[in-house]
Amino acid sequence: MVNTSLATVTSHKNPEWVLSLKNVSKTFGGVKALSNVSFQVKPGEVHCLAGENGCGKSTLIKIISGVYTPDPGGSLNILGQQIQSITPAKARIIGISVIWQDLSLFPHMSVAENIAIDEVIGVYPRMVNSHSARPRVEEILNRLNVTLNLEEPLKSLPIAQRQIVAIARALMGQAKLIFMDEPTSSLTQSETKVLLRIVQNLSESGVAVVFVSHRLAEVLAISSRVTVLRDGHLVGVFPTAGMTQTKLAELMTNQTLVSTVTATTHHNAEPILEIDSLSRHQEFQNVSLTIKKGEIVGLTGLIGAGRTELAHVLIGMNQPTSGTIRLNGQPVNFHSIREAIAAGIAYVSEDRLSLGLIQQQAIGDNIIITVLKHILNVLGLISSPRKESTVAHWIKELAIRIGEPVDAVSTLSGGNQQRVVLAKWLATEPRLMILDSPTVGVDVGARAGIYKIVRSLAKQGMGILLISDEVQEVHFNSDRVLTMANGEITSEHNPVEDTVEQLEALVYA
(Lines give C-alpha, C1' and ligand atoms only; values in the text may rest on other atoms or scores of the structure.)
Protein backbone atom coordinates (compact mmCIF):
# COMPACT_ATOMS: atom_id res chain seq x y z
CA MET A 1 0.00 0.00 0.00
CA VAL A 2 1.16 3.54 -0.70
CA ASN A 3 2.68 5.28 2.32
CA THR A 4 0.21 8.12 2.99
CA SER A 5 -0.39 9.68 6.38
CA LEU A 6 -4.04 9.29 7.31
CA ALA A 7 -4.03 12.69 8.97
CA THR A 8 -3.55 14.32 5.58
CA VAL A 9 -6.17 12.30 3.74
CA THR A 10 -8.71 14.43 1.92
CA SER A 11 -11.33 13.12 -0.45
CA HIS A 12 -11.24 13.75 -4.15
CA LYS A 13 -14.22 15.66 -5.44
CA ASN A 14 -16.93 13.17 -6.40
CA PRO A 15 -14.75 10.02 -6.17
CA GLU A 16 -15.89 6.99 -8.17
CA TRP A 17 -15.60 4.79 -5.07
CA VAL A 18 -16.17 5.62 -1.43
CA LEU A 19 -14.13 2.46 -0.79
CA SER A 20 -11.93 0.34 -3.02
CA LEU A 21 -9.86 -2.64 -1.89
CA LYS A 22 -7.76 -4.63 -4.33
CA ASN A 23 -6.04 -7.98 -3.84
CA VAL A 24 -6.39 -7.94 -0.04
CA SER A 25 -5.36 -11.06 1.87
CA LYS A 26 -5.24 -12.02 5.55
CA THR A 27 -3.48 -14.97 7.13
CA PHE A 28 -3.95 -16.26 10.68
CA GLY A 29 -1.31 -18.73 11.81
CA GLY A 30 -0.84 -20.17 8.34
CA VAL A 31 -4.57 -20.25 7.58
CA LYS A 32 -5.66 -17.98 4.73
CA ALA A 33 -8.85 -16.24 5.86
CA LEU A 34 -8.89 -13.97 2.79
CA SER A 35 -7.09 -14.51 -0.49
CA ASN A 36 -6.66 -11.66 -2.99
CA VAL A 37 -10.12 -10.22 -2.41
CA SER A 38 -11.20 -7.01 -4.13
CA PHE A 39 -14.20 -5.02 -2.91
CA GLN A 40 -15.62 -1.69 -4.08
CA VAL A 41 -18.52 0.44 -2.82
CA LYS A 42 -19.95 3.47 -4.63
CA PRO A 43 -20.98 6.66 -2.80
CA GLY A 44 -24.60 6.39 -1.67
CA GLU A 45 -24.84 2.75 -2.69
CA VAL A 46 -26.58 0.02 -0.69
CA HIS A 47 -24.28 -2.94 -1.25
CA CYS A 48 -24.66 -6.47 0.10
CA LEU A 49 -21.74 -8.54 1.34
CA ALA A 50 -22.89 -12.17 1.18
CA GLY A 51 -21.46 -15.56 2.04
CA GLU A 52 -21.77 -18.40 4.48
CA ASN A 53 -20.40 -18.21 8.01
CA GLY A 54 -16.62 -18.47 7.86
CA CYS A 55 -16.37 -17.16 4.28
CA GLY A 56 -14.35 -14.09 5.35
CA LYS A 57 -17.01 -11.35 5.63
CA SER A 58 -16.10 -10.35 9.19
CA THR A 59 -12.38 -10.48 8.43
CA LEU A 60 -12.86 -8.15 5.46
CA ILE A 61 -14.90 -5.68 7.52
CA LYS A 62 -12.32 -5.71 10.31
CA ILE A 63 -9.55 -4.92 7.83
CA ILE A 64 -11.52 -1.99 6.42
CA SER A 65 -12.33 -0.68 9.92
CA GLY A 66 -8.75 -1.01 11.15
CA VAL A 67 -9.19 -3.91 13.57
CA TYR A 68 -6.97 -6.24 11.50
CA THR A 69 -3.85 -5.41 9.48
CA PRO A 70 -3.92 -7.10 6.05
CA ASP A 71 -1.07 -9.11 4.61
CA PRO A 72 1.41 -7.10 2.46
CA GLY A 73 0.58 -6.65 -1.20
CA GLY A 74 -2.94 -5.27 -1.34
CA SER A 75 -4.24 -1.72 -1.62
CA LEU A 76 -6.87 0.30 0.22
CA ASN A 77 -8.42 3.42 -1.29
CA ILE A 78 -10.90 5.53 0.67
CA LEU A 79 -12.61 8.51 -0.99
CA GLY A 80 -10.03 8.62 -3.73
CA GLN A 81 -6.94 8.44 -1.51
CA GLN A 82 -4.56 5.53 -1.03
CA ILE A 83 -4.21 4.48 2.63
CA GLN A 84 -1.27 2.51 3.97
CA SER A 85 -2.40 1.87 7.53
CA ILE A 86 -5.59 2.44 9.43
CA THR A 87 -6.80 2.05 13.03
CA PRO A 88 -10.40 1.92 14.33
CA ALA A 89 -10.12 5.51 15.59
CA LYS A 90 -8.76 6.76 12.28
CA ALA A 91 -11.42 4.82 10.37
CA ARG A 92 -14.10 6.69 12.29
CA ILE A 93 -12.42 10.02 11.54
CA ILE A 94 -12.37 9.19 7.83
CA GLY A 95 -16.07 8.28 7.93
CA ILE A 96 -16.18 4.48 8.15
CA SER A 97 -18.53 3.05 10.78
CA VAL A 98 -19.42 -0.53 11.65
CA ILE A 99 -22.62 -1.49 13.46
CA TRP A 100 -21.92 -5.00 14.73
CA GLN A 101 -24.69 -7.45 15.56
CA ASP A 102 -24.28 -6.80 19.31
CA LEU A 103 -24.43 -3.01 18.54
CA SER A 104 -21.63 -2.23 21.05
CA LEU A 105 -23.71 0.36 22.90
CA PHE A 106 -23.77 1.35 26.58
CA PRO A 107 -27.00 0.11 28.23
CA HIS A 108 -26.75 2.25 31.38
CA MET A 109 -26.07 5.48 29.52
CA SER A 110 -28.80 7.67 28.03
CA VAL A 111 -29.86 7.67 24.39
CA ALA A 112 -28.18 11.06 23.85
CA GLU A 113 -24.93 9.92 25.49
CA ASN A 114 -24.81 6.79 23.32
CA ILE A 115 -25.38 8.74 20.13
CA ALA A 116 -22.81 11.42 21.00
CA ILE A 117 -20.23 9.16 22.69
CA ASP A 118 -17.51 9.57 20.04
CA GLU A 119 -18.01 13.33 19.73
CA VAL A 120 -18.20 13.87 23.49
CA ILE A 121 -15.17 11.77 24.37
CA GLY A 122 -13.24 12.15 21.14
CA VAL A 123 -10.21 10.18 20.08
CA TYR A 124 -8.21 11.43 23.06
CA PRO A 125 -9.30 11.68 26.75
CA ARG A 126 -10.91 14.97 27.79
CA MET A 127 -13.60 16.41 30.03
CA VAL A 128 -17.07 15.14 29.11
CA ASN A 129 -19.79 17.61 28.15
CA SER A 130 -22.76 15.66 26.81
CA HIS A 131 -25.11 18.66 26.71
CA SER A 132 -23.02 20.48 24.12
CA ALA A 133 -23.75 17.72 21.60
CA ARG A 134 -27.52 17.66 22.16
CA PRO A 135 -28.47 19.97 19.23
CA ARG A 136 -26.44 17.79 16.89
CA VAL A 137 -28.12 14.64 18.28
CA GLU A 138 -31.56 16.13 17.66
CA GLU A 139 -30.51 17.10 14.14
CA ILE A 140 -29.40 13.52 13.37
CA LEU A 141 -32.65 12.00 14.67
CA ASN A 142 -34.66 14.50 12.61
CA ARG A 143 -32.64 13.43 9.60
CA LEU A 144 -33.65 9.82 10.29
CA ASN A 145 -37.26 10.94 10.81
CA VAL A 146 -37.48 9.27 14.22
CA THR A 147 -38.31 10.50 17.72
CA LEU A 148 -36.57 9.14 20.82
CA ASN A 149 -36.48 10.25 24.46
CA LEU A 150 -32.88 11.44 24.68
CA GLU A 151 -32.76 11.13 28.49
CA GLU A 152 -34.06 7.55 28.59
CA PRO A 153 -31.53 4.84 29.52
CA LEU A 154 -30.64 2.78 26.48
CA LYS A 155 -31.41 -0.48 28.32
CA SER A 156 -35.13 0.43 28.40
CA LEU A 157 -35.35 0.61 24.59
CA PRO A 158 -36.40 -2.32 22.37
CA ILE A 159 -33.76 -3.73 20.04
CA ALA A 160 -35.21 -1.92 17.00
CA GLN A 161 -34.72 1.49 18.61
CA ARG A 162 -31.23 0.52 19.74
CA GLN A 163 -30.43 -0.14 16.07
CA ILE A 164 -31.54 3.42 15.31
CA VAL A 165 -29.32 4.75 18.13
CA ALA A 166 -26.36 2.89 16.61
CA ILE A 167 -27.08 4.39 13.18
CA ALA A 168 -27.43 7.87 14.70
CA ARG A 169 -24.09 7.44 16.45
CA ALA A 170 -22.48 6.61 13.10
CA LEU A 171 -23.97 9.73 11.53
CA MET A 172 -22.68 11.85 14.43
CA GLY A 173 -19.23 10.84 13.27
CA GLN A 174 -19.97 12.08 9.73
CA ALA A 175 -20.07 8.51 8.44
CA LYS A 176 -19.78 8.18 4.68
CA LEU A 177 -19.83 4.37 4.74
CA ILE A 178 -21.75 2.27 7.28
CA PHE A 179 -21.42 -1.50 7.61
CA MET A 180 -24.48 -3.21 9.15
CA ASP A 181 -23.87 -6.75 10.42
CA GLU A 182 -27.11 -8.80 10.57
CA PRO A 183 -29.15 -5.69 11.50
CA THR A 184 -32.56 -7.38 11.21
CA SER A 185 -31.84 -10.71 12.91
CA SER A 186 -33.70 -9.74 16.10
CA LEU A 187 -36.34 -7.45 14.59
CA THR A 188 -40.01 -8.05 13.88
CA GLN A 189 -41.23 -7.68 10.32
CA SER A 190 -42.68 -4.21 10.94
CA GLU A 191 -39.44 -3.12 12.67
CA THR A 192 -37.46 -4.49 9.75
CA LYS A 193 -39.49 -2.39 7.32
CA VAL A 194 -38.71 0.73 9.35
CA LEU A 195 -34.99 -0.08 9.36
CA LEU A 196 -34.94 -0.72 5.62
CA ARG A 197 -36.63 2.63 5.02
CA ILE A 198 -33.91 4.31 7.10
CA VAL A 199 -31.25 2.52 5.05
CA GLN A 200 -32.88 3.76 1.86
CA ASN A 201 -32.96 7.31 3.25
CA LEU A 202 -29.26 7.08 4.11
CA SER A 203 -28.51 5.99 0.56
CA GLU A 204 -30.52 8.87 -0.91
CA SER A 205 -28.58 11.31 1.28
CA GLY A 206 -25.26 10.03 -0.07
CA VAL A 207 -24.23 7.65 2.73
CA ALA A 208 -23.11 4.25 1.44
CA VAL A 209 -24.36 1.20 3.35
CA VAL A 210 -22.92 -2.32 3.25
CA PHE A 211 -25.63 -4.72 4.36
CA VAL A 212 -24.72 -8.16 5.76
CA SER A 213 -27.67 -10.49 6.29
CA HIS A 214 -28.64 -14.16 6.03
CA ARG A 215 -32.14 -13.07 5.06
CA LEU A 216 -31.68 -13.17 1.31
CA ALA A 217 -35.07 -11.64 0.53
CA GLU A 218 -34.01 -8.48 2.39
CA VAL A 219 -30.66 -8.46 0.63
CA LEU A 220 -32.28 -8.50 -2.80
CA ALA A 221 -34.91 -5.95 -1.81
CA ILE A 222 -32.58 -3.29 -0.39
CA SER A 223 -29.28 -3.52 -2.30
CA SER A 224 -28.28 -2.72 -5.87
CA ARG A 225 -25.20 -4.98 -6.00
CA VAL A 226 -23.97 -7.98 -4.06
CA THR A 227 -20.40 -9.14 -3.49
CA VAL A 228 -20.21 -12.88 -2.79
CA LEU A 229 -17.37 -14.48 -0.82
CA ARG A 230 -16.75 -18.20 -0.45
CA ASP A 231 -13.98 -19.79 1.63
CA GLY A 232 -12.02 -16.52 1.72
CA HIS A 233 -12.16 -16.00 -2.04
CA LEU A 234 -14.13 -13.54 -4.15
CA VAL A 235 -16.81 -15.35 -6.16
CA GLY A 236 -17.93 -12.19 -7.93
CA VAL A 237 -19.92 -8.97 -7.84
CA PHE A 238 -23.45 -9.19 -9.19
CA PRO A 239 -26.36 -6.79 -9.77
CA THR A 240 -29.35 -7.73 -7.60
CA ALA A 241 -31.75 -6.89 -10.41
CA GLY A 242 -32.86 -10.26 -11.76
CA MET A 243 -31.07 -12.18 -8.99
CA THR A 244 -33.12 -14.82 -7.14
CA GLN A 245 -32.69 -16.16 -3.62
CA THR A 246 -31.92 -19.59 -5.05
CA LYS A 247 -29.25 -18.29 -7.42
CA LEU A 248 -27.62 -16.21 -4.68
CA ALA A 249 -27.64 -19.19 -2.31
CA GLU A 250 -25.99 -21.34 -4.98
CA LEU A 251 -23.27 -18.71 -5.51
CA MET A 252 -22.63 -18.64 -1.74
CA THR A 253 -22.49 -22.43 -1.29
CA ASN A 254 -21.26 -23.64 -4.71
CA GLN A 255 -24.10 -26.15 -4.55
CA THR A 256 -27.21 -26.62 -6.62
CA LEU A 257 -30.03 -26.07 -4.15
CA VAL A 258 -33.31 -27.69 -5.09
CA SER A 259 -36.29 -26.90 -2.89
CA THR A 260 -38.67 -29.83 -2.93
CA VAL A 261 -41.80 -30.52 -0.94
CA THR A 262 -41.12 -33.20 1.69
CA ALA A 263 -44.68 -33.55 3.02
CA THR A 264 -46.04 -37.00 3.88
CA THR A 265 -49.42 -38.03 5.28
CA HIS A 266 -50.00 -39.29 8.83
CA HIS A 267 -53.71 -40.13 8.76
CA ASN A 268 -53.40 -43.26 10.89
CA ALA A 269 -50.74 -42.03 13.31
CA GLU A 270 -51.54 -41.47 16.98
CA PRO A 271 -51.79 -37.85 18.13
CA ILE A 272 -49.00 -36.61 20.38
CA LEU A 273 -50.30 -33.08 20.97
CA GLU A 274 -53.95 -31.96 20.88
CA ILE A 275 -54.91 -28.34 21.57
CA ASP A 276 -58.55 -27.36 21.84
CA SER A 277 -59.74 -23.73 21.95
CA LEU A 278 -56.58 -22.59 23.74
CA SER A 279 -56.42 -18.88 24.61
CA ARG A 280 -54.20 -16.46 26.49
CA HIS A 281 -55.52 -12.98 27.16
CA GLN A 282 -54.34 -10.39 24.61
CA GLU A 283 -51.96 -12.86 22.95
CA PHE A 284 -53.95 -15.56 21.09
CA GLN A 285 -57.44 -17.02 21.16
CA ASN A 286 -59.32 -20.24 20.31
CA VAL A 287 -56.29 -22.04 18.91
CA SER A 288 -56.95 -25.69 18.03
CA LEU A 289 -54.43 -27.99 16.38
CA THR A 290 -53.18 -31.58 16.41
CA ILE A 291 -49.69 -32.96 15.88
CA LYS A 292 -49.39 -36.70 15.26
CA LYS A 293 -46.53 -39.07 15.85
CA GLY A 294 -43.82 -38.47 13.24
CA GLU A 295 -45.56 -35.39 11.83
CA ILE A 296 -44.02 -31.97 11.15
CA VAL A 297 -46.66 -29.25 11.43
CA GLY A 298 -45.61 -25.81 10.22
CA LEU A 299 -47.00 -22.65 11.78
CA THR A 300 -46.41 -19.42 9.89
CA GLY A 301 -47.66 -15.85 9.75
CA LEU A 302 -46.42 -12.34 10.27
CA ILE A 303 -44.34 -11.65 13.36
CA GLY A 304 -46.72 -10.64 16.13
CA ALA A 305 -49.41 -13.13 15.06
CA GLY A 306 -49.11 -14.98 18.39
CA ARG A 307 -46.96 -17.92 17.32
CA THR A 308 -44.19 -17.56 19.89
CA GLU A 309 -46.73 -16.74 22.61
CA LEU A 310 -48.45 -20.05 21.86
CA ALA A 311 -45.12 -21.87 22.12
CA HIS A 312 -44.46 -20.26 25.52
CA VAL A 313 -47.73 -21.65 26.85
CA LEU A 314 -47.01 -25.14 25.49
CA ILE A 315 -43.60 -25.23 27.18
CA GLY A 316 -44.95 -23.95 30.52
CA MET A 317 -43.39 -20.48 30.47
CA ASN A 318 -46.86 -18.90 30.63
CA GLN A 319 -50.34 -20.11 31.59
CA PRO A 320 -53.38 -20.17 29.28
CA THR A 321 -56.54 -18.35 30.29
CA SER A 322 -58.78 -21.01 28.76
CA GLY A 323 -58.79 -24.14 26.62
CA THR A 324 -57.16 -27.57 26.97
CA ILE A 325 -53.84 -29.22 26.11
CA ARG A 326 -53.54 -33.00 25.80
CA LEU A 327 -50.23 -34.83 25.51
CA ASN A 328 -50.52 -38.44 24.35
CA GLY A 329 -54.23 -38.28 25.12
CA GLN A 330 -53.82 -37.02 28.70
CA PRO A 331 -54.77 -33.48 29.79
CA VAL A 332 -51.78 -31.46 30.98
CA ASN A 333 -51.37 -28.07 32.64
CA PHE A 334 -47.73 -27.12 33.01
CA HIS A 335 -46.77 -24.54 35.61
CA SER A 336 -43.08 -24.51 34.71
CA ILE A 337 -40.67 -25.38 31.93
CA ARG A 338 -39.32 -28.17 34.12
CA GLU A 339 -42.74 -29.85 34.20
CA ALA A 340 -43.02 -29.64 30.40
CA ILE A 341 -39.55 -31.12 29.91
CA ALA A 342 -40.37 -33.97 32.28
CA ALA A 343 -43.49 -34.68 30.23
CA GLY A 344 -41.45 -34.94 27.04
CA ILE A 345 -41.63 -31.48 25.42
CA ALA A 346 -38.56 -29.64 24.14
CA TYR A 347 -38.39 -26.02 22.96
CA VAL A 348 -35.78 -24.48 20.66
CA SER A 349 -36.24 -20.73 21.16
CA GLU A 350 -35.97 -18.14 18.38
CA ASP A 351 -33.52 -16.24 20.64
CA ARG A 352 -30.53 -18.57 20.53
CA LEU A 353 -28.09 -16.00 21.95
CA SER A 354 -29.88 -15.31 25.24
CA LEU A 355 -32.37 -18.17 25.74
CA GLY A 356 -30.85 -21.07 23.81
CA LEU A 357 -27.22 -21.09 24.92
CA ILE A 358 -24.84 -19.81 27.59
CA GLN A 359 -22.36 -18.22 25.23
CA GLN A 360 -19.40 -18.06 27.62
CA GLN A 361 -19.75 -21.70 28.71
CA ALA A 362 -18.17 -24.71 27.05
CA ILE A 363 -19.87 -26.56 24.21
CA GLY A 364 -20.05 -29.71 26.33
CA ASP A 365 -21.57 -27.88 29.30
CA ASN A 366 -24.29 -26.43 27.05
CA ILE A 367 -25.18 -29.90 25.73
CA ILE A 368 -25.60 -31.53 29.16
CA ILE A 369 -27.32 -28.65 30.96
CA THR A 370 -30.80 -30.16 30.48
CA VAL A 371 -29.83 -33.63 31.74
CA LEU A 372 -27.55 -32.90 34.68
CA LYS A 373 -29.43 -35.18 37.08
CA HIS A 374 -28.95 -38.13 34.71
CA ILE A 375 -25.15 -37.89 34.67
CA LEU A 376 -24.52 -37.63 38.42
CA ASN A 377 -22.50 -40.25 40.29
CA VAL A 378 -23.39 -41.81 43.65
CA LEU A 379 -21.96 -38.77 45.45
CA GLY A 380 -24.29 -36.41 43.59
CA LEU A 381 -21.44 -34.99 41.51
CA ILE A 382 -21.19 -34.87 37.73
CA SER A 383 -19.67 -38.08 36.43
CA SER A 384 -16.93 -37.15 33.97
CA PRO A 385 -17.24 -40.41 31.98
CA ARG A 386 -21.04 -39.98 31.65
CA LYS A 387 -20.66 -36.35 30.67
CA GLU A 388 -17.99 -37.09 28.09
CA SER A 389 -20.02 -39.96 26.67
CA THR A 390 -23.17 -37.84 26.36
CA VAL A 391 -21.34 -34.92 24.76
CA ALA A 392 -19.42 -37.15 22.33
CA HIS A 393 -22.62 -38.96 21.33
CA TRP A 394 -24.50 -35.81 20.35
CA ILE A 395 -21.54 -34.14 18.66
CA LYS A 396 -21.23 -37.22 16.46
CA GLU A 397 -24.98 -37.74 16.04
CA LEU A 398 -25.61 -34.17 14.83
CA ALA A 399 -22.25 -33.76 13.07
CA ILE A 400 -21.40 -30.64 15.07
CA ARG A 401 -18.18 -29.10 13.79
CA ILE A 402 -16.11 -27.99 16.78
CA GLY A 403 -12.55 -27.57 17.95
CA GLU A 404 -12.82 -29.15 21.41
CA PRO A 405 -15.84 -29.73 23.70
CA VAL A 406 -14.22 -27.40 26.26
CA ASP A 407 -14.24 -24.48 23.79
CA ALA A 408 -16.80 -21.74 24.47
CA VAL A 409 -19.97 -22.25 22.41
CA SER A 410 -19.56 -18.65 21.19
CA THR A 411 -16.62 -19.84 19.05
CA LEU A 412 -18.97 -21.81 16.79
CA SER A 413 -20.76 -20.67 13.66
CA GLY A 414 -24.49 -19.97 13.82
CA GLY A 415 -25.33 -23.31 12.23
CA ASN A 416 -23.20 -25.28 14.66
CA GLN A 417 -24.54 -23.31 17.63
CA GLN A 418 -28.04 -24.28 16.56
CA ARG A 419 -26.98 -27.94 16.43
CA VAL A 420 -25.74 -27.59 20.00
CA VAL A 421 -29.18 -26.26 20.98
CA LEU A 422 -30.80 -29.27 19.29
CA ALA A 423 -28.38 -31.60 21.06
CA LYS A 424 -29.23 -30.04 24.43
CA TRP A 425 -32.91 -30.76 23.93
CA LEU A 426 -32.56 -34.13 22.21
CA ALA A 427 -30.61 -35.34 25.24
CA THR A 428 -33.90 -35.08 27.19
CA GLU A 429 -35.44 -37.67 24.81
CA PRO A 430 -38.54 -35.57 23.98
CA ARG A 431 -41.69 -36.80 22.27
CA LEU A 432 -42.61 -33.33 21.02
CA MET A 433 -40.13 -30.74 19.73
CA ILE A 434 -41.16 -27.10 19.28
CA LEU A 435 -38.83 -25.31 16.87
CA ASP A 436 -39.33 -21.54 16.96
CA SER A 437 -37.54 -19.91 13.98
CA PRO A 438 -34.73 -22.51 14.18
CA THR A 439 -32.63 -21.03 11.37
CA VAL A 440 -32.50 -17.36 12.45
CA GLY A 441 -28.91 -16.18 11.92
CA VAL A 442 -27.96 -19.48 10.25
CA ASP A 443 -26.48 -19.33 6.76
CA VAL A 444 -28.22 -20.95 3.82
CA GLY A 445 -25.91 -23.94 3.57
CA ALA A 446 -26.26 -24.85 7.24
CA ARG A 447 -30.06 -24.62 7.06
CA ALA A 448 -30.27 -27.65 4.81
CA GLY A 449 -28.30 -29.68 7.36
CA ILE A 450 -30.56 -28.62 10.23
CA TYR A 451 -33.71 -29.60 8.34
CA LYS A 452 -32.21 -32.92 7.39
CA ILE A 453 -31.85 -33.55 11.13
CA VAL A 454 -35.44 -32.42 11.76
CA ARG A 455 -36.84 -34.79 9.13
CA SER A 456 -34.77 -37.61 10.60
CA LEU A 457 -36.25 -36.96 14.05
CA ALA A 458 -39.77 -37.05 12.60
CA LYS A 459 -39.06 -40.37 10.90
CA GLN A 460 -38.12 -41.73 14.32
CA GLY A 461 -41.60 -40.82 15.57
CA MET A 462 -41.09 -37.42 17.16
CA GLY A 463 -43.84 -34.85 16.70
CA ILE A 464 -42.56 -31.45 15.61
CA LEU A 465 -44.14 -27.98 15.63
CA LEU A 466 -42.13 -25.82 13.22
CA ILE A 467 -42.71 -22.08 13.72
CA SER A 468 -41.29 -19.58 11.24
CA ASP A 469 -42.13 -16.29 9.54
CA GLU A 470 -40.30 -17.53 6.43
CA VAL A 471 -43.08 -19.10 4.38
CA GLN A 472 -40.73 -21.10 2.16
CA GLU A 473 -39.15 -22.66 5.22
CA VAL A 474 -42.40 -24.19 6.50
CA HIS A 475 -43.73 -25.01 3.02
CA PHE A 476 -40.79 -27.17 2.02
CA ASN A 477 -40.16 -28.79 5.41
CA SER A 478 -43.63 -29.49 6.85
CA ASP A 479 -46.26 -32.15 6.34
CA ARG A 480 -49.04 -29.64 7.01
CA VAL A 481 -48.92 -25.85 7.25
CA LEU A 482 -51.14 -23.70 9.47
CA THR A 483 -51.31 -19.93 9.07
CA MET A 484 -51.82 -17.59 12.01
CA ALA A 485 -52.90 -13.94 12.13
CA ASN A 486 -54.02 -11.69 14.97
CA GLY A 487 -53.75 -14.51 17.47
CA GLU A 488 -55.90 -16.99 15.55
CA ILE A 489 -55.33 -19.98 13.27
CA THR A 490 -56.67 -18.78 9.92
CA SER A 491 -56.11 -21.67 7.49
CA GLU A 492 -54.55 -25.09 6.89
CA HIS A 493 -52.58 -26.12 3.80
CA ASN A 494 -51.17 -29.26 2.21
CA PRO A 495 -47.77 -28.44 0.63
CA VAL A 496 -48.38 -31.10 -2.01
CA GLU A 497 -51.57 -29.39 -3.19
CA ASP A 498 -50.82 -25.69 -2.56
CA THR A 499 -47.87 -23.76 -3.99
CA VAL A 500 -45.51 -21.63 -1.94
CA GLU A 501 -46.68 -18.61 -3.94
CA GLN A 502 -50.29 -19.25 -2.88
CA LEU A 503 -49.22 -19.53 0.75
CA GLU A 504 -47.10 -16.35 0.58
CA ALA A 505 -49.98 -14.42 -0.99
CA LEU A 506 -52.25 -15.47 1.88
CA VAL A 507 -49.75 -14.66 4.64
CA TYR A 508 -48.69 -11.28 3.25
CA ALA A 509 -52.13 -10.18 2.04
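**Exercise 1. Overall build of the chain**

Task: Among contacts between residues at least 6 apart in sequence, what share joins residues at least 24 apart? Then describe how the chain is built overall.

Solution.
Step 1. Start with the contacts. The share is 68%. Keep in mind that this is a predicted model.
Step 2. Take stock of the secondary structure. The chain has 18 helices and 20 strands.
Step 3. Check the compactness. The radius of gyration is 25 Å, and the globule rule gives 23 Å for 509 residues. These values are close, so the chain is as compact as a globular protein of that length.
Step 4. Add the dimensions. The C-alpha trace spans about 75 × 50 × 50 Å along its principal axes.
Step 5. Look at the surface. About 23,700 Å² is exposed, and carbon and sulfur atoms supply 50% of that area. Of the 509 residues, 52% count as buried.

**Exercise 2. An open sheet and its helices**

Task: In what order do the strands of the open sheet of 6 strands stand? Which strands are at the edges? Place helices α1 and α6 against the sheet.

Solution.
Step 1. Write down the order: β6-β7-β8-β3-β9-β10. The pairing is mixed. Strands of a sheet pair through backbone hydrogen bonds, either parallel or antiparallel.
Step 2. Find the edges. β6 (96-99) and β10 (233-239) each pair on one side only.
Step 3. Add the twist. Neighbouring strands are turned by 20° against each other on average, direction ignored.
Step 4. Zoom in on one pair. β9 (residues 225-230) and β10 pair in the antiparallel sense over 6 bridges. Val228 stands opposite Gly236 in β10.
Step 5. Lay on the helices. α1 (residues 57-64) crosses β3, β6, β7, β8 and β9, and runs at about 130° to β3. α6 (residues 159-172) lies across β6 and β7, at about 170° to β6.

**Exercise 3. A covered strand**

Task: How many residues of β13 are buried? Sort their directions, then find the partners of the strand.

Solution.
Step 1. Count the burial. In β13 (residues 296-300), 5 of 5 residues are buried.
Step 2. Recall the rule. In a regular strand the side chains alternate between the two faces of the sheet.
Step 3. Sort the residues. Ile296, Gly298 and Thr300 point one way, Val297 and Leu299 the other way, and all are buried.
Step 4. Take one partner. β13 runs parallel to β18 (residues 463-467), joined by 4 bridges. Val297 stands opposite Leu465 in β18.
Step 5. Take another. β13 also pairs with β19 in the parallel sense, over 4 bridges. There Gly298 has Val481 as its bridge partner.

**Exercise 4. Salt bridges**

Task: How many salt bridges does a search of the whole structure find? Examine several of them for distance, exposure and location.

Solution.
Step 1. Give the total: 10 salt bridges. Side chains of opposite charge can pair when their charged atoms come close.
Step 2. Take Glu283 and Arg280. Their closest N and O atoms are 3.0 Å apart. Partly exposed means a relative accessible area between 20% and 50%. Glu283 is at 27%, so it counts as partly exposed. Arg280 is at 23%, so it does too.
Step 3. Take Lys387 and Asp365. The N to O distance is 2.6 Å. This pair links distant parts of the chain: Lys387 is in α14 (residues 384-397), Asp365 is in α13 (residues 363-368), and they are 22 residues apart. Lys387 is partly exposed at 24%. Asp365 is partly exposed at 27%.
Step 4. Take Glu492 and Arg480. The closest N and O atoms are 3.3 Å apart. Glu492 sits in β20 (residues 488-493) and Arg480 in β19 (residues 480-485), 12 residues apart.
Step 5. Look for shared partners. Arg134, Glu138 and Glu151 are joined into one network.

**Exercise 5. Buried helix residues**

Task: Is Thr390 buried or exposed? Which residues of α9 are buried?

Solution.
Step 1. Locate Thr390. This residue lies in helix α14.
Step 2. Apply the cut-off. Buried means under 20% relative accessible area. Thr390 is at 18%, so it counts as buried.
Step 3. List its contacts. Leaving aside neighbours within four places in sequence, Thr390 is in contact with Ile368 and Ile375.
Step 4. Turn to α9 (residues 245-253). Its buried residues are Leu248, Ala249, Leu251, Met252 and Thr253.
Step 5. See what follows α9. Next comes Asn254, with a positive phi near 60°.

Notes: Residues numbered from 1 in each chain as written. Predicted model: local features only at pLDDT ≥ 70, side-chain atom pairs only at ≥ 80, totals over all residues. Heavy atoms only, no water. Pairing = 2+ DSSP bridges. Helix = DSSP H or I, 4+ residues; strand = E, 2+ residues; numbered from the N terminus. Axes fitted to C-alpha atoms, helices over the stretch in contact; angles between N-to-C directions. Contact = heavy atoms within 4.5 Å. Salt bridge = Lys/Arg side-chain N within 4 Å of Asp/Glu carboxyl O. Buried < 20%, exposed > 50% of the residue type's maximum accessible area, 1.4 Å probe, protein only. Rg over C-alpha atoms; globule rule 2.2 N^0.38 Å. Areas by Shrake-Rupley, 256 points an atom, 1.4 Å probe, with all protein chains shown as cover.
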